[in-house]
Each structure stands twice: as C-alpha cells, then as structure tokens.
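Please read the following points with the sequence and the model side by side. They proceed from the whole chain to single residues.

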Amino acid sequence: VTGASFVVFNGALKTSSGFLAKSSIVEDGLMVQITQETMESLRQALRDKKDFKITCGKMDAGDVKEYVDICWVENEEKTNKG
C-alpha cells in the first residue's frame with residue numbers, strides 16, 4: 001500500500017510496449033501510465049462512481065503483478081485527511 005499526495009493518470013502507454021500498465025512514484029505522488037483504452041474505461045468508471053482496478057506490469061510476467069485500486073468510500077472520515 002502506497003500513500004500519495006496526488007495521482008497522475010497518463011493515457012499514452014502504447015500496447016506495443018509489452019506492459020499492461022506502469023506505476024511509478026513521482027515526488028510525493030503516483031504516476032500511472034495506462035493505454036488509451038484503459039483511460040476510457042477509467043473515465044467511465046469515475047463518471048459512474050464505480051471502483052476500478054488497474055493491473056500493472058509486463059504482459060508476460062505471470063503472477064507478479066502490481067495493482068492500482070480506485071475505490072469509492074461511503075464514510076470519508078476513515079480516509080487520509082492530509
């Protein structure tokens with residue numbers, strides 16, 4: 001689990017790169033590089049206020065994967081106030 005001050009979603013990752021998605025820590029935030037198709041799905045999920053999971057890593061890496069989970073919560077008091 002990584003806490004971040006901000007998240008950047010970059011929809012310019014090419015499918016030919018061999019990655020499902022890539023995540024990296026940038027300063028005190030998180031940058032997630034995703035394909036254009038994933039970006040469209042993410043935008044729709046945000047509009048619909050639905051949870052969304054992004055699987056990061058190489059397409060042929062087997063079971064070794066990282067995930068970026070976007071979760072909507074009912075009670076905001078349990079989230080990070082910073």
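**Note on the predicted model**

1. Buried residues (under 20% relative accessible area; exposed is over 50%, and partly exposed lies in between, with a 1.4 Å probe and protein chains only) make up 20% of the 82 residues in the chain. The model is predicted: local features need pLDDT of at least 70 and side-chain atom pairs count only at pLDDT 80 or more, whereas totals for chains, interfaces and linings use all residues. Residues are numbered from 1 along each chain as its sequence is written, and side-chain values use heavy atoms, with hydrogens and water left out.

2. The chain holds one helix and five strands, which follow one another from the N terminus as β-β-β-α-β-β. Here helices (H or I, at least four residues) and strands (E, at least two) are DSSP runs, numbered from the N terminus. The accessible surface of the chain is about 6,400 Å², and carbon and sulfur atoms account for 48% of that area; such areas come from the Shrake-Rupley method with a 1.4 Å probe, and for residues only the protein chains shown count as cover.

3. In what order do the strands of the open sheet stand? The order is β1-β3-β2-β4-β5, and the pairing is mixed. β1 (7-10) and β5 are at the edges with a single partner strand each, so one side of each has no neighbour in the sheet. From one strand to the next, the twist averages 35 degrees. Two strands are said to pair if DSSP finds at least two bridges between them.

4. Strands of a sheet pair through backbone hydrogen bonds, in either a parallel or an antiparallel manner. Both manners can be followed in this model. β1 and β3 are parallel, with four bridges, and Val-8 is placed opposite Met-31 in β3. Strand β2 (residues 19-26) is antiparallel to β3 and is joined to that strand by five bridges. Val-26 has Gly-29, in β3, as its bridge partner.

5. The helix α1 packs on the sheet, where it touches β1, β4 and β5, and its direction makes about 160 degrees with that of β4. Axes are lines fitted to C-alpha atoms, for helices over the stretch in contact, and angles run from 0 to 180 degrees between N-to-C directions.

6. Which residues form the largest nonpolar core? This core has 12 residues: Ala-21, Leu-30, Val-32, Ile-34, Met-39, Leu-42, Ala-45, Phe-52, Ile-54, Cys-56, Val-68 and Ile-70. Two or more residues come from each of β3 (29-33), α1 (36-47), β4 (52-58) and β5 (66-70). A nonpolar core is a set of buried Ala, Val, Leu, Ile, Met, Phe, Trp, Tyr and Cys residues joined through side-chain atoms within 4.5 Å. In soluble globular proteins, nonpolar side chains tend to be buried together.

7. Phe-52, one of the core residues, deserves a closer look. Apart from its neighbours within four places in sequence, Phe-52 is in contact (heavy atoms within 4.5 Å) with Thr-38, Ser-41, Leu-42, Ala-45, Val-68, Asp-69 and Ile-70. For the chain, 39% of the contacts between residues at least 6 apart in sequence join residues at least 24 apart.

8. Are Cys-56 and Cys-71 buried or exposed? Cys-56 is buried, at 2% relative accessible area, while Cys-71 is exposed, at 52%. The whole structure has zero disulfides (pairs of cysteine sulfur atoms within 2.5 Å).

9. Most residues other than glycine have a negative phi. Glu-27, by contrast, has a positive phi near 55 degrees. Glu-27 belongs to the hairpin of β2 and β3, which has two residues between the strands, and is exposed because its relative accessibility is 74%. Lys-49 also has a positive phi near 55 degrees; Lys-49 lies in the loop between α1 and β4 and is exposed, at 59%.

10. Gly-11 is in the loop between β1 and β2 and is partly exposed, at 26% relative accessibility. Leaving aside its neighbours within four places in sequence, Gly-11 is in contact with Ile-34, Thr-35, Gln-36 and Met-39. Gly-11 and Thr-38 are 27 residues apart in sequence, yet their C-alpha atoms are 7.6 Å apart in space.
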